Amino acid sequence: MAGTGESSRSWERETVPMVMTIVSPMLAQRDVYSLLLVSPWCYRALLSVSTIWEVLDLHEMSKAGERLRSALLLGKVLQGLQHLNLNGCQKISDVGIEAITSCCPQLREFYLYWNVRLTNVGITHIVRNCRELRSLNLSGCKNISDHCLHLIGDNCQKLQDLDITRCTKLTDRGLQQILLKCSLLQRLNLYALSSLTDAAYKKIACLSHLTFLDLCGAQNLTDEGLSCIAGCKNLASLNLTWCVRVTDMGVIAIAEGCRSLELLSLHGIISVTDACLEALSKFSSNSLMTLDVNGCVGIKKRSREHLLQLFPLLRCFKVHS
């Protein structure tokens, strides 16, 4: 019997850790959590595999708050966490944000989509504790204000990707701080922020690395503002859906300035005509793969056949639905 006990202990000490090292990277994270509770040997073995704790994905999970508390028990292991997804976890408050970010100084990607309990207090904890942030999704976080953008601008200047879709309390002043201080931004999502004006849009020209820009619903964007955005020479994806004040003049400026466009949506803009497509074809015919001109009643030649004559690489004809 003693031999059997020793064999069992050897299995737990040597075989279990080896198996966990091989298997754990292939498991779903929720399964990893379950295995933590199997035995002390499993627990220690899993904690030793540092790569599986670089990502923590709790998006839209039930009892996300309880799972987050369990994760906090991992302690020092989370110091290497780089990717944290709390999208749709609406019960997590500023207190939870403080607790998790204080453990994760190396966090590079943080996703908080539709967290209506998040306030400027939570943002304060994020920017103070996570100085390595590269990607931040605050889409639908309706209670954050311009103060939040000031905090991000002052503390997250390595940021490359920012989504502030439907953050309706934000104004030109807040966005200007981001545009002036986060000069490394490559992706910027301003979807459904209808109160912004050219005062902010003109500053987008400061983002020389920008490749993705979503301005869907930018009702106050004019040709003047769009002409400034045309200074973003590396822009590959531009969504101008329902930017109703834009005309040919603005789109032609984009055509001349942004010659690597792969996606462009002009959906619902009634003031643009065939002239803007002709200008686009001169500079982007060899790059444009997605073009949405649905609802652009001023463009008469907008059938697929006509569009393919101008842009032979087109594969997608609808962005907005």
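A salt bridge is a side-chain nitrogen of Lys or Arg within 4 Å of a carboxyl oxygen of Asp or Glu. Keep that cut-off handy for the exercises below.

The model is predicted, so local features need pLDDT of at least 70 and side-chain atom pairs count only at pLDDT 80 or more, while totals for chains, interfaces and linings use all residues. Residues are numbered from 1 along each chain as its sequence is written, and side-chain values use heavy atoms, with hydrogens and water left out.

**Exercise 1. Get an overview of the protein chain.**

Task: Find how many helices and strands the protein chain has, and what share of its residues is buried.

Solution:
- Step 1. Go through the secondary structure: the protein chain has 13 helices and 10 strands. Helices (H or I, at least four residues) and strands (E, at least two) are DSSP runs, numbered from the N terminus.
- Step 2. Turn to burial. Buried means under 20% relative accessible area, exposed over 50%, and partly exposed in between (1.4 Å probe, protein chains only). Of the 321 residues in the protein chain, 49% are buried.
- Step 3. Look at the extent: the C-alpha trace spans about 90 × 45 × 30 Å along its principal axes.
- Step 4. Check the contacts, meaning heavy atoms within 4.5 Å. Among contacts with a separation of 6 or more, 75% are between residues 24 or more positions apart.

**Exercise 2. Follow the salt bridges.**

Task: Work out how many salt bridges the structure holds, and which parts of the chain Lys158 and Glu132 link.

Solution:
- Step 1. The structure holds five salt bridges.
- Step 2. One of them joins the side chains of Lys158 and Glu132, at 3.1 Å from N to O. This pair links distant parts of the chain: Lys158 sits in the loop between helix 7 and strand 5, and Glu132 in the loop between helix 6 and strand 4 (135-137), 26 residues apart. Lys158 is partly exposed at 35% relative accessible area, and Glu132 is partly exposed at 21%.
- Step 3. Another salt bridge pairs Asp154 with Lys181, whose closest N and O atoms are 2.4 Å apart. Asp154 is in helix 7 and Lys181 in helix 8, 27 residues apart.
- Step 4. Arg187 and Asp161 also meet through their side chains, at 3.6 Å from N to O. Because Arg187 lies in strand 6 and Asp161 in strand 5, the pair ties together parts 26 residues apart in sequence.
- Step 5. Finally, salt bridges that share partners join Glu132, Arg134 and Lys158 into one network.

**Exercise 3. Explain the surroundings of helix 6.**

Task: Why is helix 6 described as largely enclosed by the rest of the structure?

Solution:
- Step 1. Seven of the 10 residues of helix 6 are buried, so this helix is largely enclosed by the rest of the structure.
- Step 2. The buried residues are Asn120, Gly122, Ile123, Thr124, His125, Ile126 and Val127.
- Step 3. They pack against helix 5 (94-101), strand 3 (109-111) and helix 7 (146-155).
- Step 4. Zoom in on Thr124, buried at 14% relative accessibility. Its side chain reaches the backbone oxygen of Asn120 at 2.8 Å. This is a polar contact: a pair of N or O atoms within 3.5 Å, where within protein one must be able to donate a hydrogen and the other to accept it, and residues adjacent in sequence count only if both atoms are side-chain atoms.

**Exercise 4. Check the cysteines.**

Task: Why do Cys141 and Cys167 not form a bond?

Solution:
- Step 1. Recall the criterion: a disulfide is a pair of cysteine sulfur atoms within 2.5 Å.
- Step 2. The cysteine sulfur closest to that of Cys141 is in Cys167, and at 5.7 Å it is too far for a bond. Cys141 itself is buried, at 0% relative accessibility.
- Step 3. Try Cys206 next: its closest cysteine sulfur, in Cys232, is 8.6 Å away, too far for a bond. Cys206 is partly exposed, at 36%.
- Step 4. For the whole structure, the count of disulfides is zero.

**Exercise 5. Pick out unusual backbone angles.**

Task: Where do Arg166 and Ala192 lie?

Solution:
- Step 1. Arg166 is in the loop between strand 5 (161-163) and helix 8 (172-181). Its phi is near 55°, a positive value in a residue other than glycine.
- Step 2. Ala192 is in the loop between strand 6 (187-189) and helix 9 (198-201). Its phi is also positive, near 60°.
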